[in-house]
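Me: Please show me the model, and then let us discuss it by question and answer.

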Amino acid sequence: MSTYEEMTRDELLTLKEALQKEYDEYCALDLSLNMARGKPGADQLDLSMPMLDVISSDSVVEDADGTDLRNYGILDGIESAKVLMASMLDDEPENVIVFGNSSLNIMYDTVMRCWVFGPNGATPWSQLDEVKFLCPVPGYDRHFGVTEAFGIKMIPVPMTEDGPDMDVVKELVANDASIKGIWCVPKYSNPGGVTYSDEVVRELASMPTAADDFRIFWDNAYAVHHLYDDAAEQDQLLDIAKACAEAGNPDRYYKFGSTSKVTLPGSGVAAMAASPANVADVKKHMGVQTIGHDKINQLRHVEFLKDADGIAKHMSKHAAIIRPKFELVLETLNNGLESTGCGEWSTPRGGYFISFDAPEGTAKRVVELAKNAGVTMTGAGATYPYKDDPADSNIRIAPTLPPLDELDQAMKVFVTCVKLAAVEKLLED
Ligand SMILES: Cc1ncc(COP(=O)(O)O)c(C=O)c1O
């Protein structure tokens, strides 16, 4: 069978008619399916319901040292929660600050502190003529939303199979002191599923930067979100903290993470880890902002998850639920598009997304067609700064929320939309 590009105009016209019929039949089903956001499904949330029972009105809510956790205080989180979150962030408890439920909130506040006060006594970024951030693409739309909100100029950097294209990154940061940071999702990246290679981590840590206060925003949101049991051997990520310390740049990174997709996204625990100097700087400002976060929820997480082993066991229950969803998506893409030449996609080993590249110039149309057939996808362009995907190609597929039967239906519709948009474009060209 020839790919769509190899077809004659007459063949394409015949194909379009058949695809349009298929599409119209889907539209007539009056579907309402959603693959837009990376939310856990209800069955995944159920896994953490016992966490709500580990503390009751009879419980002793004290930390190991006898501190009454019902009261004010403990700015940087209870010790046992620091130990738990340190295991997730691959760091030492003394370098960890535990916050409320959202790591995105910590990232926003971290940019805000740099903006208003400057990182570690450097000039506040707000006082500079221009501030720029490197944004590996495709990337996480909410990261781009944060930097856009501050008027920080975002520069897209292509992702490779090993992480951001370091030739581009090194060249840019070496020559432009207004580049103050880079957004990184170093493990099972959103949306490409890429885990950064050791080489990339070392280069990020050691590369010369024109800005003395350059910061790596290391959002390890999917640190423990493996889809396969052999992750411990296959998907190791080098520790950015050690790499930065070894390279003589100990203050270059801020690590972020949360239990959003471990326990309950609305009621999890989020944390950051950083060098002692960065931790002191953050705490100085934090102490004005709050007297402390929800310590009872921190305790609940410790009692429920216990330690790294407990987290791993819990995450393998998540994997058992979502792995079939990822496999279904990949199988539907393979079966539907394999011989057509329409699109390429990632085959992630963890995280929450599949990154799909439709034929250039068709992503917006695919999402529009899907929407009109009752299937909501993440907006085309969302994976790029300013929502501007110059190739109009990338679409983020989020398979976790819908139940399997709905996902099956939604993916069939999606495949038809990709093919129809591709044929329309070829005929137009
Ligand atoms: C890369 C990444 N970071 C952060 C978040 C949000 O984290 P939190 O729930 O801790 O705010 C998400 C959610 O999808 C994400 O994909």
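Me: How far is an oxygen atom of the ligand from a polar backbone atom of leucine 104?
Reply: This is a predicted model, in which local features need pLDDT of at least 70, side-chain atom pairs count only at pLDDT 80 or more, and totals for chains, interfaces and linings use all residues. Residues are numbered from 1 along each chain as its sequence is written, and side-chain values use heavy atoms, with hydrogens and water left out. A polar contact is a pair of N or O atoms within 3.5 Å. For the backbone of leucine 104, the distance to a ligand oxygen is 3.0 Å.

Me: What is the distance from an oxygen atom of the ligand to an N or O atom in the side chain of lysine 261?
Reply: The side chain of tyrosine 222 places an N or O atom 2.6 Å from a ligand oxygen. For the side chain of lysine 261, the corresponding distance is 2.7 Å.

Me: How much of the accessible area of the ligand does the protein cover?
Reply: Accessible areas come from the Shrake-Rupley method with a 1.4 Å probe. On its own the ligand has 400 Å² of such area, and the share covered by the protein is 87%.

Me: Which helix gives the largest share of the shell around the ligand?
Reply: The ligand is surrounded by 13 residues (each with a heavy atom within 4 Å of it). Among the closest are Ser103, Asp219 and Tyr222. Helices (H or I, at least four residues) and strands (E, at least two) are DSSP runs numbered from the N terminus. The largest share, three residues spanning part of 103-116, comes from helix 4.

Me: What is the radius of gyration of the chain?
Reply: The chain contains 14 helices and 13 strands. The globule rule (2.2 Å times the number of residues to the power 0.38, with the radius taken over C-alpha atoms) gives 22 Å for 429 residues, and the chain is close to this, so it is as compact as a globular protein of that length, with a radius of gyration of 23 Å.

Me: Which residue is joined to valine 137 by a cis peptide bond?
Reply: The omega angle of this bond is about -5 degrees. The residue sought is found in the loop between strand 3 (132-137) and helix 5 (141-149). It is proline 138.

Me: Where is aspartate 90 found?
Reply: Aspartate 90 is not a glycine, yet has a positive phi of about 55 degrees. Its place is the loop between helix 3 (79-89) and strand 2 (96-98).

Conventions
Polar contact = N/O pair within 3.5 Å; in protein donor to acceptor, adjacent residues only side chain to side chain.
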